[in-house]
Amino acid sequence: MSAVEPRFAPGARVRVRRADPPGHIRTPWYIRGHSGEIERVCGAFPNPEELAYNRPGLPAQPLYRVRFRQRELWPDYAGAAADTIEVEIYQHWLEPAR
Amino acid sequence: MSSDVHTHDPAHDHRHGHAHPPHEEASERLSYYQVMEIAVRELLIAKNVFTADDVRRAVEAMDARDPAQGARVVARAWTDPAFKARLLADGRAAVRELGYDMATFHLLVVENTATLHNLIVCTLCSCYPRMLLGLPPDWYKSRAYRSRAVREPRAVLKEFGTVLGDDVELRVHDSTADMRYLVLPERPAGAEGWSEERLAALVSRDSMIGVTRCRV
């Protein structure tokens with residue numbers, strides 16, 4: 001299976017693209033435009049946005065778990081400062097963050 | 001459709017002087033996607049891709065799975081440190097040792113500790129480790145849980161009777177793609193020296209989603 005090379009390593013700061021394409025998108029709305037940290041690289045998987053339309057989804061996209069701080073996602077977050085959320089995001093949705 | 005189907009609220013009292021319980025099967029129209037599922041299934045059967053009995057057997061196999069399988073995994077991890085290490089490193093390979101097949105999915109097991117509590121949600125749909133826990137509960141699929149578990153997870157946990165201190169990090173896992181998640185709850189105090197089987201009985205479905213803890 002052909003796969004795109006991973007661009008990011010664990011610990012890297014990344015930003016989720018703020019985009020709103022139509023289709024079977026697996027990037028939840030609430031993290032678009034937000035920055036987080038790569039928790040791990042999960043491997044490469046055929047792109048589900050393509051698979052949903054019966055296309056092969058290749059080359060496979062690296063999938064990451066990205067960790068966000070709850071207080072950065074929701075300014076009025078009521079929980080502890082240490083609370084986090086981790087979301088699986090495909091590489092084509094990520095860009096380097098400063 | 002038979003002629004006695006009512007299109008009004010069947011619970012309300014009407015002309016023949018009594019209320020009667022709703023006949024959901026008869027009175028609800030099929031949704032667009034239900035009609036599509038039936039059409040596609042009938043086409044695939046007509047084209048000999050699979051048989052009606054294949055479908056029935058798949059449903060039966062899905063219904064036969066239940067949280068006891070996940071509980072067995074947790075109890076093994078509590079009693080066998082080497083297994084626990086393998087489970088945390090590669091969940092899919094470790095549960096295969098117990099005879100559970102994750103099919104194409106990767107399994108990520110996240111461990112609760114005194115300072116970290118994990119909670120699983122799928123905000124986009126209802127991704128759930130069905131191979132280990134069976135079908136998800138209705139609340140897991142509800143819009144309320146799916147939106148609130150990421151927005152105000154501590155309030156959600158409180159409604160399940162789980163109150164976390166501010167010294168505990170709450171980590172929500174949004175299961176959106178190719179991974180499936182299982183919470184490894186903390187082994188409760190008071191169960192020292194228990195057998196794996198007896199421990200497994202303490203492990204509830206909800207504790208493996210992360211909305212509750214295990215208690216003796």
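Start by selecting B:P188: setting aside neighbours within four places in sequence, this proline is in contact with B:L202, B:C214, B:R215 and B:V216. Before going further, keep in mind that you are looking at a predicted model.

**Stop 1: around B:P188**

Show the backbone on either side and you will find B:P188 in the loop between β4 (179-184) and α11 (196-200) of chain B. Is this residue buried or exposed? B:P188 falls in between: it is partly exposed, with 17 other C-beta atoms within 10 Å. Now add B:L199 to the selection. The two residues are 11 apart in sequence, and their C-alpha atoms are 9.4 Å apart in space.

**Stop 2: chain B as domains**

Next, colour chain B by its domain assignment, which gives domain 1 (24-63) and domain 2 (66-209). If you put a marker at the C-alpha centre of each domain of chain B, 31 Å separate the two.

While domain 1 is coloured, select B:N48, in the loop between α2 (32-46) and α3 (52-64) of chain B. The phi angle of B:N48 is positive, about 60°, although this residue is not a glycine. B:N48 has 7 other C-beta atoms within 10 Å, so it is exposed.

**Stop 3: chain A on its own**

Hide chain B for a moment. Chain A has two helices and five strands, and from the N terminus they run β-β-α-β-α-β-β. The radius of gyration of chain A is 14 Å, close to the 13 Å that the globule rule gives for 98 residues, so chain A is as compact as a globular protein of that length. Along its principal axes the C-alpha trace of chain A spans about 45 × 30 × 20 Å. Of the 98 residues of chain A, 32% count as buried. Turn on contacts between residues of chain A at least 6 apart in sequence, and 60% of them join residues at least 24 apart.

Now zoom in on the loop between α1 (48-51) and β3 of chain A, where A:P59 lies. The peptide bond that leads from A:L58 into A:P59 is cis, with omega near -5°. A:N54 is found in the loop between α1 and β3 of chain A as well. A:N54 has a positive phi of about 65° without being a glycine, and with 7 C-beta neighbours inside 10 Å it counts as exposed.

**Stop 4: strands of chain A**

Select residues 13-16 and 35-45 of chain A. These are strands β1 and β2, which pair in the antiparallel sense over three bridges. Look for A:R15, which stands opposite A:S35 in β2(A).

Move on to β3 (residues 61-69) of chain A, which pairs with β4(A) in the antiparallel sense over seven bridges. Here the bridge partner of A:R65 is A:E88 in β4(A).

Now show the side chains of β4(A). In a regular strand the side chains alternate between the two faces of the sheet. A:T84, A:E86, A:E88 and A:Y90 point one way, A:I85, A:V87 and A:I89 point the other way, and all are buried. That makes β4(A) mostly covered, with seven of its seven residues buried.

**Stop 5: across to chain B**

Bring chain B back. Which strand of chain B joins β4 (residues 84-90) of chain A? The partner is β3(B), which runs parallel to β4(A) and is joined to it by four bridges. To find the place, select A:T84, which stands opposite B:R171 in β3(B).

Zoom out to see the open sheet of seven strands, with mixed pairing and the order β5(A)-β1(A)-β2(A)-β3(A)-β4(A)-β3(B)-β2(B). At its edges stand β5 (94-96) of chain A and β2 (116-121) of chain B, each with a single partner strand, so one side of each is left without a neighbour in the sheet. On average, neighbouring strands of this sheet are turned by 35° against each other, direction ignored.

Now add α9(B), which lies across β4 of chain A and across β2 and β3 of chain B, running at about 150° to β2(B).

**Last stop: the contact between the chains**

Finally, select the residues where the chains touch: 19 from chain B and 18 from chain A. On chain B, α9 (143-151), α10 (153-159) and β3 (169-174) each supply at least two residues of this side. β3(B) gives the most, with six residues. Coloured by class, the side of chain B that touches chain A shows seven nonpolar, four polar and eight charged residues.

Methods
Residues numbered from 1 in each chain as written. Chains lettered and ligands numbered in written order. Predicted model: local features only at pLDDT ≥ 70, side-chain atom pairs only at ≥ 80, totals over all residues. Contact = placed C-beta atoms within 7 Å. Nonpolar A, V, L, I, M, F, W, Y, C, P; charged D, E, K, R; others polar. Pairing = 2+ DSSP bridges. Domains from an automatic or database assignment. Axes fitted to C-alpha atoms, helices over the stretch in contact; angles between N-to-C directions. Rg over C-alpha atoms; globule rule 2.2 N^0.38 Å. Buried ≥ 20, exposed ≤ 12 C-beta atoms within 10 Å, placed from the backbone.
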